[in-house]
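Q: Could you take me through one part of this structure in detail? I would like to start from a single residue and work outwards to the pockets.

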Amino acid sequence: MSQEWTRREFLQRSAISAAMLSFGAWTARANEQDRVKIGVIGTGQQGQNLLRQLMSLPSAEVIAVCDVYAPSRLKAAEIVGDKARVHTDYRALLDQKEIEAVVIATPLVYHAPHAIAALRAGKHVFSEKAVAYSIDQAKQMARAAREAKRLLQIGHQRHYNPIYIHARNLVQQGAVGRVTHVRALWHRNGSWRRPAEPADERLINWRLYKEYSHGLMTELGSHQMDMVNWFLGELPSAVTGFGGIDYWKDGREVFDNVNVLFEYPSGVKVQYSSITTNSYDGYGEWFMGDEGTMMLTDENKGMLFREPKAEKLTWQDEAKKEKVGGRDAVVLDGTATQKRDLGPGEQLQYGENRNAYYLELEDFCRCVRTGTTPRCTVETALPALTTVLMANEAMQKRTRIVFKPDMFKV
Ligand SMILES: NC(=O)c1ccc[n+]([C@@H]2O[C@H](COP(=O)([O-])OP(=O)(O)OC[C@H]3O[C@@H](n4cnc5c(N)ncnc54)[C@H](O)[C@@H]3O)[C@@H](O)[C@H]2O)c1
């Protein structure tokens with residue numbers, strides 16, 4: 001496959017760069033009056049992360065927080081200071097007329113009810129991934145947003161991660177040749193259990209119970225399968241797999257290990273695994289083609305390994321390299337690979353204070369003000385949900401499930 005730019009690639013590249021650069025320019029212009037007045041529902045681990053991003057975002061002003069659990073409320077109040085009202089009932093937060101937009105970081109089962117109530121109260125909504133507990137609920141969320149004429153963004157932050165955007169561009173330009181296989185994995189060594197008083201067990205460890213979550217596939221796999229579908233530009237046609245509660249026999253109801261194989265219409269096969277008893281492989285996504293492998297790890301590093309028989313890329317000599325396991329890796333960074341992708345003078349906006357969470361919330365505020373569409377809507381996120389829910393069903397029923405096209409469409 002040719003490594004030279006085509007006009008189409010160049011235009012795609014320019015559009016992405018322009019979009020990324022414009023986030024920054026818009027934020028710089030935001031003044032006090034432009035700030036989007038925000039309420040945050042669910043201020044546990046992720047809610048606190050999002051609150052910190054919002055506090056450093058010039059285009060946002062957090063004026064209310066809400067959580068049913070006192071320690072989470074206390075943490076939120078510490079982060080936002082005394083300017084925000086603190087609620088225990090999300091409906092009281094939604095009654096606050098001056099709130100324009102709501103950020104939702106509650107357990108999966110509440111995403112749809114909380115988001116739909118917020119939309120009906122006239123608020124714009126940013127809701128965490130996975131989009132919803134069920135395909136039907138995700139479709140209801142999309143309908144509620146359409147009816148309310150409000151924005152509904154979903155928190156799959158990798159869509160805003162410059163490393164992923166960069167890697168996808170390179171894969172689509174043929175940097176690994178024709179992709180035939182993908183491996184995506186999230187391997188940890190730990191129970192995934194948080195310490196909790198018996199009375200709070202389900203509130204704290206909601207991920208382990210079917211009433212609230214679908215376990216590893218929705219909580220971890222949805223992020224990664226979202227990216228796999230996005231990189232491949234197609235959706236799976238069938239899935240089979242094996243999962244079990246085989247190690248952590250502690251009353252949990254969701255699998256402690258999942259091993260799944262997806263088939264795609266083009267013939268690509270995708271292996272997904274998430275385990276809780278060994279961390280050697282860590283987490284990431286590997287796109288394997290007949291000319292190379294694009295390996296993304298830890299959500300912050302991209303490496304390109306060319307196959308020994310593949311021709312050298314025109315820009316390969318200029319690129320930063322690293323030895324990994326005795327092999328040469330081209331590191332995706334701000335030097336040669338970026339110049340190739342983004343063009344001279346443009347920068348990957350990434351770093352401690354400009355991470356993907358910051359970028360997705362910055363774009364949320366921009367979209368609220370400008371009426372434009374964010375990168376991750378229900379339309380974007382529903383296919384990822386369908387992909388992982390059908391994988392769970394295949395594992396539960398120990399069978400091969402064929403996807404139906406209407407499962408992916410809002
Ligand atoms: N995008 C990411 O990278 C990322 C990372 C972690 C978590 N998440 C998502 O964020 C969400 C929250 O995850 P977490 O790790 O913060 O969980 P968590 O348990 O730490 O926090 C959830 C919070 O919601 C509160 N809550 C529960 N029911 C509520 C209700 N009815 N009203 C108000 N508050 C309620 C809980 O008390 C808790 O404080 C999940 O959907 C998760 O998938 C996303």
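A: Happy to. Let's start with glutamine 157, which counts as buried because its relative accessibility is 2%, under the 20% cut-off for that class. Please keep in mind that this is a predicted model. Glutamine 157 sits in the loop between β6 (152-155) and α7 (162-172). Its side chain makes a polar contact with the side chain of tyrosine 357, at 3.2 Å. Leaving aside residues up to four places away in sequence, glutamine 157 touches His223, Glu299, Ala356, Tyr357 and Glu360.

One of those partners, glutamate 299, deserves a stop of its own. Glutamate 299 lies in the loop between β12 and β13, and with 13% relative accessibility it counts as buried. Its backbone has a positive phi, near 65°, in a residue other than glycine. Aspartate 298 is found in the loop between β12 and β13 as well. Aspartate 298 also has a positive phi, of about 55°, although it is not a glycine. Its relative accessible area is 40%, so aspartate 298 is partly exposed.

The strands on either side of that loop lead us to the second largest pocket. Here β11 (283-289), β12 (292-297), β13 (301-306), β14 (321-324) and β15 (327-331) each supply at least two lining residues, and β15 gives the most, with 4 residues. The volume of the second largest pocket is about 590 Å³. Its lining is made of 25 residues, and those nearest the centre are Met295, Phe305, Val324, Arg327 and Asp328. By class, the lining of the second largest pocket divides into 11 nonpolar, 6 polar and 8 charged residues.

Now for the largest pocket, which holds about 1,100 Å³ of space. The elements that give two or more residues to its lining are α2 (45-55), α3 (70-80), α5, α8 (201-204) and α9 (216-232). Of these, α2 provides the largest share, 5 residues. In total, 42 residues line the largest pocket, with Gly44, Gln45, Gln46, Ala105 and Trp206 nearest its centre. The lining of the largest pocket comprises 17 nonpolar, 15 polar and 10 charged residues. Where does the largest pocket lie with respect to domain 1 and domain 2? It lies between them, because domain 1 (22-158) and domain 2 (160-349 + 376-405) both give residues to the lining.

Among the contributors to the largest pocket is α5, so let's look at that helix in the light of the same under 20% limit for burial. Helix α5 spans residues 108-120, and its buried residues are Leu108, Val109, His111, Ala112, His114, Ala115, Ile116, Ala118 and Leu119. Two histidines, His111 and His114, are thus part of the buried set. Just after α5 comes glycine 122, with a positive phi of about 85°.

A little further along the chain there is one more backbone detail for your checks. Lysine 129 and alanine 130 are joined by a cis peptide bond, with omega about -15°. Alanine 130 has its place in the loop between β5 (124-128) and α6 (135-148).

Notes. Residues numbered from 1 in each chain as written. Predicted model: local features only at pLDDT ≥ 70, side-chain atom pairs only at ≥ 80, totals over all residues. Heavy atoms only, no water. Buried < 20%, exposed > 50% of the residue type's maximum accessible area, 1.4 Å probe, protein only. 1 Å grid on protein atoms, 1.4 Å probe; cavity = no way out; pocket = protein on both sides within 12 Å on 5 of 7 lines; lining within 4 Å. Points joined across faces, edges and corners; volume = space filled by probe spheres on them. Nonpolar A, V, L, I, M, F, W, Y, C, P; charged D, E, K, R; others polar. Domains from an automatic or database assignment. Polar contact = N/O pair within 3.5 Å; in protein donor to acceptor, adjacent residues only side chain to side chain. Contact = heavy atoms within 4.5 Å.
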